[in-house]
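Here are a few exercises to work through with the model open beside you. Try each task before you read its solution.

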Amino acid sequence: MPTEFMTECLDCGHRQPFAPLNTRCEKCGSEWMRAHYDYDALATTLPAVLPSRPFDLWRYHELLPVKAPRPEISMGEGGTPLLHLKRLGMMLKMPHIYFKDERQNPTSSFKDRQAAVTIAVLKEAGLTEMVVASTGNVAIAYAAYAARAGIKLWAFVTSLVPSEKMREIAIYGAQVIKVGGTYDETKRVAAEFARQRNLYLDKGARSLPTVEAMKTLAFEISEQITERLGAPGTGFPWRTPDWFVQAVSGALGPLGVYRGYEELHKMGFVTRPPKMALVQSAGCAPMVHAWQQNRREAEPVRLPRTHIATLATGDPGRVYTLLYDALKTHGGVMTDISDEDAFRAMHILAKMEGLSVEPATAVAVAGVIQLVREGVIRPSEVVVINGTGHTMPIESHILGKRWVRSVTLPQTEPRQDAPPTEGLKAALDTLVSREVPHIAIVDDHEPARILLRRVLQSLGEFTISEAGNGTEAIALAREEHPDLILLDLMMPETDGFQVIETLRADATTRDIPIIAVTAKALTPEEKRRLSGQIEKLLQKGEFLTDELLDEIRALLG
Ligand SMILES: *Cc1c(COP(=O)(O)O)cnc(C)c1O
Ligand SMILES: [Zn+2]
């Protein structure tokens with residue numbers, strides 16, 4: 001990342017460095033910060049380096065809020081194909097309809113972009129837990145990337161999310177919390193939970209990594225359209241499609257795509273952003289209602305009435321206003337589609353083009369069909385549909401019974417940003433017992449520590465500290481007095497044996513239970529040194545056995 005990366009306040013223009021846990025503008029308190037890079041420098045350096053890079057999301061890493069790509073977390077996100085919808089095009093007499101196949105992301109939706117970038121940001125910041133509220137796909141994407149990165153995820157989902165999707169979140173080891181309320185209420189509960197515990201929360205459009213990640217869609221689409229249709233011949237190297245079409249819920253996708261095009265424009269790569277068609281499900285279309293009445297603010301839909309849970313954001317908040325302004329400047333339209341029309345479009349796309357999509361994506365396809373018929377989209381125009389997603393269900397018998405916890409909201413819970421009532425506080429407290437056991441992991445190998453952390457996190461809720469050598473381990477034990485230490489015996493310099501002897505000789509640390517871990521068989525002399533000093537000796541690789549888990553539970557009482 002260029003050192004010039006800063007965040008810039010949308011309200012007062014103040015610039016400050018980026019800190020994931022504290023993202024408000026330090027000058028005016030606004031939560032609306034955007035990224036700012038050194039566009040002049042990138043305008044000359046990017047064209048030189050791009051041709052030799054793989055076609056994936058990290059191709060544009062200088063324009064992402066990370067210092068460096070994280071190949072160990074990556075699962076091949078981004079770089080999805082741009083498919084020509086030839087038959088649908090013939091039906092509509094539109095030669096240039098394309099489908100950006102975001103189903104081909106690792107968890108089958110474009111939310112993988114958001115998760116990959118955000119998790120990379122958290123890794124760089126050394127954070128190990130996060131919270132998200134979701135209508136399904138965001139949580140699935142985060143659950144997968146969090147698992148890969150050894151980060152604990154608390155996923156708050158509305159009870160409207162299909163149970164197959166909830167199970168998909170759970171299989172990755174995330175804690176699923178089902179909130180008996182709408183998505184907007186679920187977001188509020190998650191926000192309160194994150195605030196109480198000072199955890200990173202994905203706040204949608206107010207989270208900088210989230211919006212930044214979605215820019216990569218704009219970059220990829222322009223490169224791909226240029227490759228297909230040639231440079232526009234206007235002096236700008238990259239082509240912009242005439243239309244970007246997406247089914248929207250919170251409308252993060254379009255917001256990010258706009259940001260991406262603004263940057264491409266600043267760097268002199270494109271002349272303009274595309275027109276946008278934002279399509280909502282008729283049962284939850286607050287943006288469309290406001291748009292049709294030409295209002296700059298949207299009235300929230302209190303009770304969404306759609307079968308398509310993915311699109312059930314009732315309150316788009318400021319994102320609507322930002323998009324309203326963008327569409328008024330650059331052209332575009334907001335429209336809605338009935339669930340029935342969406343299901344019909346699902347069949348058409350699958351049978352004509354071989355593409356099975358989830359209903360939310362079909363909403364966008366149905367939107368294109370409608371807008372072409374109405375003459376809003378003209379036959380010669382180049383249309384790109386964000387083929388946002390397709391999710392495979394995880395069968396119910398694969399998981400045990402205890403993968404979900406529920407929160408019931410008190411009836412009187414106020415909306416918006418009012419302070420939480422006692423009722424909500426009590427509901428959240430039941431999610432997490434106050435007494436969280438504290439476990440210290442000591443190992444000189446970072447991957448080994450991550451593995452153990454992950455195993456423990458999937459077991460239940462723990463506060464986890466880590467030490468990378470014996471000296472740190474002794475200091476940690478004295479300062480934090482953990483309830484249990486998992487100790488690697490073979491470490492350079494102060495090894496596990498010395499750590500044990502030091503802790504046992506010190507009255508303040510004498511009673512901390514220790515599970516020692518060894519990669520090799522011990523000599524009789526080593527066994528003698530351990531005798532009576534530790535609670536248990538384990539071979540490395542034994543971590544995943546139920547025995548270890550039972551042992552830990554027993555030691556923690
Ligand atoms: C998240 C999602 C949407 C809505 O995206 P936003 O840009 O956040 O409104 C649409 N379709 C699918 C499949 C999604 O996962
Ligand atoms: Zn400000």
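The exercises below look at a predicted model, going from its ligand to a helix and then to a few single residues.

**Exercise 1. The ligand's surroundings**

Task: Find which residues come nearest to ligand 1, and work out how much of ligand 1 the protein buries.

Solution:
- Start with the shell. There are 19 residues around ligand 1, and Lys111, Asn137, Ser249, Ala251 and Gly253 come nearest.
- Sort the shell by class: eight residues are nonpolar, nine are polar and two are charged.
- Now check the backbone. Ser249 has a backbone N or O atom 2.6 Å from an oxygen atom of ligand 1. For Ala251, a polar backbone atom is 2.6 Å from an oxygen atom of ligand 1. With Gly253, the distance from a backbone N or O atom to a ligand 1 oxygen is 2.7 Å.
- Finish with the area: ligand 1 taken alone exposes 390 Å², and the protein buries 96% of that.

**Exercise 2. Who builds the shell?**

Task: Say which element gives the most residues to the shell around ligand 1.

Solution:
- List the elements that supply at least two residues each: β10 (243-247), α8 (252-266) and α12 (359-373).
- Pick the top one. That's α8, with three residues.

**Exercise 3. The two sides of a helix**

Task: Take helix α11 (residues 339-353) and decide where its buried residues sit around the axis.

Solution:
- Check the length first. α11 has 15 residues and reaches 21 Å from first C-alpha to last, close to the 21 Å expected.
- Mark the buried residues of α11: Asp339, Ala342, Ala345, Leu349 and Glu353.
- These residues cover an arc of only 115° around the axis, so they lie on the same side of α11.
- Look at the face turned away from that buried side, and you'll meet the exposed residues Arg344 and Lys351.

**Exercise 4. Three single residues**

Task: Are Glu8, Ser108 and Ala251 buried or exposed?

Solution:
- Recall the cut-off: buried means under 20% relative accessible area.
- Glu8, in strand β1 (residues 6-9), has 17%, so Glu8 is buried. Its side chain makes a polar contact with the side chain of Arg15 at 2.8 Å.
- Ser108 is in the loop between β5 (97-101) and α3 (111-125). At 16%, Ser108 counts as buried, and its phi is near 70°, a positive value in a residue other than glycine.
- Ala251 lies in the loop between β10 and α8. At 2%, Ala251 is buried too, and its phi, near 65°, is also positive.

Note on methods. Residues are numbered from 1 along each chain as its sequence is written. Chains are lettered from A and ligands numbered from 1 in the order in which they are written. This is a predicted model: local features need pLDDT of at least 70, side-chain atom pairs count only at pLDDT 80 or more; totals for chains, interfaces and linings use all residues. Side-chain values use heavy atoms; hydrogens and water are left out. A residue is near a molecule or strand if one of its heavy atoms lies within 4 Å of it. A polar contact is a pair of N or O atoms within 3.5 Å; within protein, one must be able to donate a hydrogen and the other to accept it, and residues adjacent in sequence count only if both atoms are side-chain atoms. Accessible areas come from the Shrake-Rupley method with a 1.4 Å probe; for residues, only the protein chains shown count as cover. Helices (H or I, at least four residues) and strands (E, at least two) are DSSP runs, numbered from the N terminus. Ala, Val, Leu, Ile, Met, Phe, Trp, Tyr, Cys and Pro count as nonpolar, Asp, Glu, Lys and Arg as charged, and the others, Gly among them, as polar. The expected span of a helix is 1.5 Å times one less than its number of residues. Buried means under 20% relative accessible area, exposed over 50%, partly exposed in between (1.4 Å probe, protein chains only). The arc is that of the directions from the helix axis to the C-beta atoms.
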